[in-house]
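Reader: Got a minute to go through this one with me? Show me the chain and then I'll ask.
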Amino acid sequence: MARRERIVPLSPRQLLPIHLASQLDPTTVRTMLRDGSWIRARSGAYVSRMDLDDAAQRLAAERYARPTTFDHERARALAGISAVVARARVRGVPEMLVHQSAALVHGLDVWSMPAKTHVGRRDFPGRGTAPDLAVHTAAVHEDEIVTVNGARVTDVVRTALDIARFNPVRDGVVVLDRALRAGIPRATLDAAVRGLGSAPGSRRARVALEHADDGAESPWESWTRVRALAFGLPRPTTQLEIVTDIGVFYVDLAWPEMRLVVEYDGQVKYGDLAGGDPARVVAAEKDREDAIRAQGWTFVRMTARQLSTPDLFEGRLHRAIAGHRPVPLVPRPELLLRKRSAHPQGCALPASSDSRVGHKFAGSRAVADERRCWPTRRAPGGGLPGGPQRPRGPPRGGPSSRRCRRARGPRPRPSCASSSPGG
């Protein structure tokens with residue numbers, strides 16, 4: 001059985017024209033905002049509503065569809081990126097885009113688009129950073145920086161690995177699938193992952209690359225494959241060629257040993273791609289499915305709702321493989337973990353850190369100094385990555401209270417330590 005292989009080059013995205021308030025008359029800015037011609041991209045930077053709508057149209061055209069909510073979100077993120085780059089040019093200090101922001105400029109697929117613009121800086125001031133920026137302090141070599149449409153960004157390999165390291169495995173698989181489909185050799189990505197050594201997030205990047213595949217044609221297909229692997233099925237063959245009585249078809253995911261086909265059934269082909277005749281597309285899809293079933297294959301369609309509901313997804317797969325030759329299932333629940341193993345700013349917490357990462361008060365402990373009477377907590381916004389935890393300010397009855405002064409003596413201090421939430 002043959003497999004279709006096709007390289008789809010990346011299409012870098014153009015930055016949007018930005019109007020900076022520092023270069024305009026305040027009256028002009030107020031007028032354009034009042035009549036709705038401009039939209040605020042970030043503080044002191046504005047984008048034309050027409051330019052924003054055109055950007056959403058271009059992003060949707062990559063999928064041959066009309067703009068959706070996700071396209072408008074990406075357009076707004078692109079406007080924020082453009083505003084950051086424009087202001088950096090005026091200041092004469094160019095910003096370096098990293099992570100999802102760099103992926104958006106490169107044309108890589110991402111699962112979710114963050115509200116903040118991700119930038120990399122060697123010197124992070126800690127305070128005074130704009131709230132719409134996510135600053136990363138990881139070292140980036142000069143040979144890992146490229147210029148795309150006037151913006152300094154990390155190259156495709158570094159961008160994909162950064163996303164894979166500090167985000168859920170699903171996000172890493174989505175971006176690595178697109179990088180492979182763009183023609184980036186797997187050997188290049190393997191070498192880059194090996195070069196990480198034991199750096200924060202390296203294990204997660206290795207897991208994502210291990211399950212990446214160049215056959216995924218959309219992020220939803222990547223997510224379907226990750227869900228099937230987490231369920232316990234072996235690695236599928238993507239874009240497998242199946243010869244039928246009415247023609248040759250290529251399927252999203254196939255397990256030839258079980259004669260099982262799983263496809264993601266999106267709504268785009270029944271809407272924008274239908275050309276105003278969805279009934280024709282439905283009939284063609286039914287004929288295709290029947291022809292594949294006639295060759296002895298079990299055909300399973302998955303929708304976004306089923307992928308989002310584990311019971312529905314696993315139930316359909318259980319029923320699909322029930323009548324086939326038994327195949328040992330090896331569940332991989334680690335593929336579905338959404339909790340980040342590293343600090344979102346790009347620096348991992350120590351492996352021995354307690355469970356305070358997951359809950360505000362879980363696993364809290366007393367500070368080993370005179371402020372022993374209240375638990376420590378994570379600093380708001382995380383503070384500097386990997387920095388010391390800030391203690392909660394002294395509450396009423398804190399260290400200055402008579403009760404805690406007595407507790408500092410040689411006697412045990414159960415009253416102060418045990419009174420903290422989660423202590």
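Reader: How many helices and strands are there in the chain?
Author: The chain has 14 helices and 12 strands. Keep in mind that this is a predicted model.

Reader: What share of the residues counts as buried?
Author: Buried residues make up 44% of the 423 in the chain.

Reader: And the accessible surface of the chain, what does it come to?
Author: About 21700 Å², with 53% of that belonging to carbon and sulfur atoms.

Reader: Contacts next. Of those between residues at least 6 apart in sequence, what percentage joins residues at least 24 apart?
Author: That figure is 60% for this chain.

Reader: OK, sheets. What is the order in the open sheet of four strands?
Author: The order is 9-10-11-12, and the pairing is mixed. Strand 9 (237-244) and strand 12 (298-302) are the edge strands, each pairing on one side only. On average, neighbouring strands of this sheet are turned by 50 degrees against each other, direction ignored.

Reader: How do strand 10 and strand 11 run, parallel or antiparallel?
Author: Antiparallel: strand 10 (residues 247-255) and strand 11 (residues 260-264) are joined by three bridges. In strand 11, Val262 is the bridge partner of Leu253.

Reader: Which helices pack on the sheet?
Author: Helix 10 (residues 278-294) is one of them, and it touches strand 9, strand 10, strand 11 and strand 12. Helix 12 (residues 310-321) also packs there, touching strand 11 and strand 12.

Reader: What angles do their directions make with that of strand 12?
Author: For helix 10 the angle is about 145 degrees. For helix 12 it is about 175 degrees.

Terms used
Residues numbered from 1 in each chain as written. Predicted model: local features only at pLDDT ≥ 70, side-chain atom pairs only at ≥ 80, totals over all residues. Heavy atoms only, no water. Helix = DSSP H or I, 4+ residues; strand = E, 2+ residues; numbered from the N terminus. Buried < 20%, exposed > 50% of the residue type's maximum accessible area, 1.4 Å probe, protein only. Contact = heavy atoms within 4.5 Å. Areas by Shrake-Rupley, 256 points an atom, 1.4 Å probe, with all protein chains shown as cover. Pairing = 2+ DSSP bridges. Axes fitted to C-alpha atoms, helices over the stretch in contact; angles between N-to-C directions.
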